Amino acid sequence: MSRFLPSRAAALTQLAAFLPKAGAHYANERNADRGPMGHDNVSLLSPAVRHRLITEAEIAAAVLDRFAFSTSEKFIQEVCWRTYWKGWLELRPRVWADYQSTLREQIARVSDGAGLDRPFRKRWQAAVDGNTGIACFDAWVEELRTTGYLHNHTRMWFASIWIFTLNLPWALGADFFYRHLLDGDPASNTLSWRWVAGLQTRGKHYLARAENIQKYTGNRYWPKGELNEDAAPLPPDDIPAAGRISELPLPKSGLRTALWLHEDDLCAESWPDLDGLDIVAIGGDVTPDARSWLPVSAAVIDWTDAALTDGLQRAGAHFGRPATRVRPSERHRWLEDHGIQQVVTAYATVGPVADAVKALERELTTRGIALVRVRRDWDTAFWPHASKGFFQLRERIRPVLGELGIP
Ligand SMILES: Cc1cc2nc3c(=O)[nH]c(=O)nc-3n(C[C@H](O)[C@H](O)[C@H](O)COP(=O)(O)OP(=O)(O)OC[C@H]3O[C@@H](n4cnc5c(N)ncnc54)[C@H](O)[C@@H]3O)c2cc1C
């Protein structure tokens, strides 16, 4: 059975089970990859937190309820890496747009009929099929395809081998991850791949080394002589200056309001700014197949669908209103049936979910219905500190947690 169940109840159980290890144990042990069935030194919470079946604030509060900040700092910092990457990309959406256009070109090179570049296509195919002959890499492909998860250290080794040993474009590697990871996230994924490549921190790349893999896989793998351990970083690209985090208008009271769930935040019970609204219905939809022009794994699609069902059930029970999945072709009817005048949704970060929300907004506008986005205090408080390197945000973790009322 999968260890990643698509429900809030399962995420809370997982957090409770991991909590005793979130202090010194995590700080000391987190870098080891003990194999597909052995990931008990890390929380395995990423699919849930990426879809906000559970929130970063809840995780931080639970951890700090149990441990002093100094003991759990490493774990809290890791949770904040997600926040940092999201904030960084929010401040520079063009990096996502540039990645998408590069990816489109690279996908054309490996697509059926791309006869011109057959050797390249074969190398890419061998990598995504786990047929490279590098035992650890091929096993990680199998683990990713079957479980939808890889340990963080393994993701780093994997990306490094993809880019520097197999000489494949980082964009296609990021796409392969994004199509298979249950926690697939535009910011954490794209920017981590860029970081490994040396594009994110100029001139600093991550080189996977055989000794390091041997040590942290407990001798399961030792790809001695198989890896390019001397590669130079990829040539730098143009990183735009950081923009600003937009201010959001508040939802209006006195209007028949619907809540709209999507896969960036499936916990409507704790969305901000809903007090006093006349909530008459809850709807939602997910679009995991929009992650790529290539096929997205069935596991990702099924998991995301089930997570939406869980989110709708909880929201329906919490607000005491009908809650249904609403496909694009059913939207008109749903809006009419409930006499909806305003739709409130969680702020979606740069990527395909934000694009789907924009499409919904355009449709609502033609019907004279406003779409209002609400952003969690966690994001509003942290994102402005993501304009530079992670160090800048890391220094703000304690004060910001204080501002958020997390002691
Ligand atoms: C090349 C590459 C691609 C990645 N792609 C994704 C992705 O698509 N989606 C995704 O959620 N994470 C991604 N990560 C980050 C990280 O690997 C996963 O979040 C982490 O492995 C999840 O496992 P866990 O929940 O057991 O983590 P834990 O070690 O238990 O960490 C706790 C939480 O902190 C956060 N976190 C931990 N490490 C990181 C990190 N390096 N960056 C961002 N957040 C972190 C996650 O929310 C995680 O659930 C990627 C990392 C690399 C190197």
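Where does the ligand sit? I looked, and the ligand sits in the largest pocket. A pocket here is an open set of points on a 1 Å grid over the protein atoms alone, with protein on both sides within 12 Å along at least five of seven lines; sitting in one takes more than half of the molecule's atoms within 2 Å of its grid points.

A note to self: this is a predicted model, where local features need pLDDT of at least 70 and side-chain atom pairs count only at pLDDT 80 or more, while totals for chains, interfaces and linings use all residues. Residues are numbered from 1 along each chain, and side-chain values use heavy atoms, without hydrogens and water.

Next I looked up the neighbours. I found 27 residues around the ligand, with a heavy atom within 4 Å counting as near. Y26, S43, L44, R82 and N152 are the closest.

Then came polar contacts (N or O pairs within 3.5 Å). One ligand oxygen lies 2.6 Å from a side-chain N or O atom of Y26. A ligand oxygen is also 2.7 Å from a polar backbone atom of L44, and a ligand nitrogen is 2.8 Å from one of D183.

Last, I checked the shell by class: 15 nonpolar, seven polar and five charged residues, with Tyr counted as nonpolar and Gly as polar.

Methods
A polar contact is a pair of N or O atoms within 3.5 Å; within protein, one must be able to donate a hydrogen and the other to accept it, and residues adjacent in sequence count only if both atoms are side-chain atoms. On a 1 Å grid over the protein atoms alone, a cavity is a set of points where a 1.4 Å probe fits but cannot get out, and a pocket is an open set with protein on both sides within 12 Å along at least five of seven lines; lining residues have an atom within 4 Å of a point.
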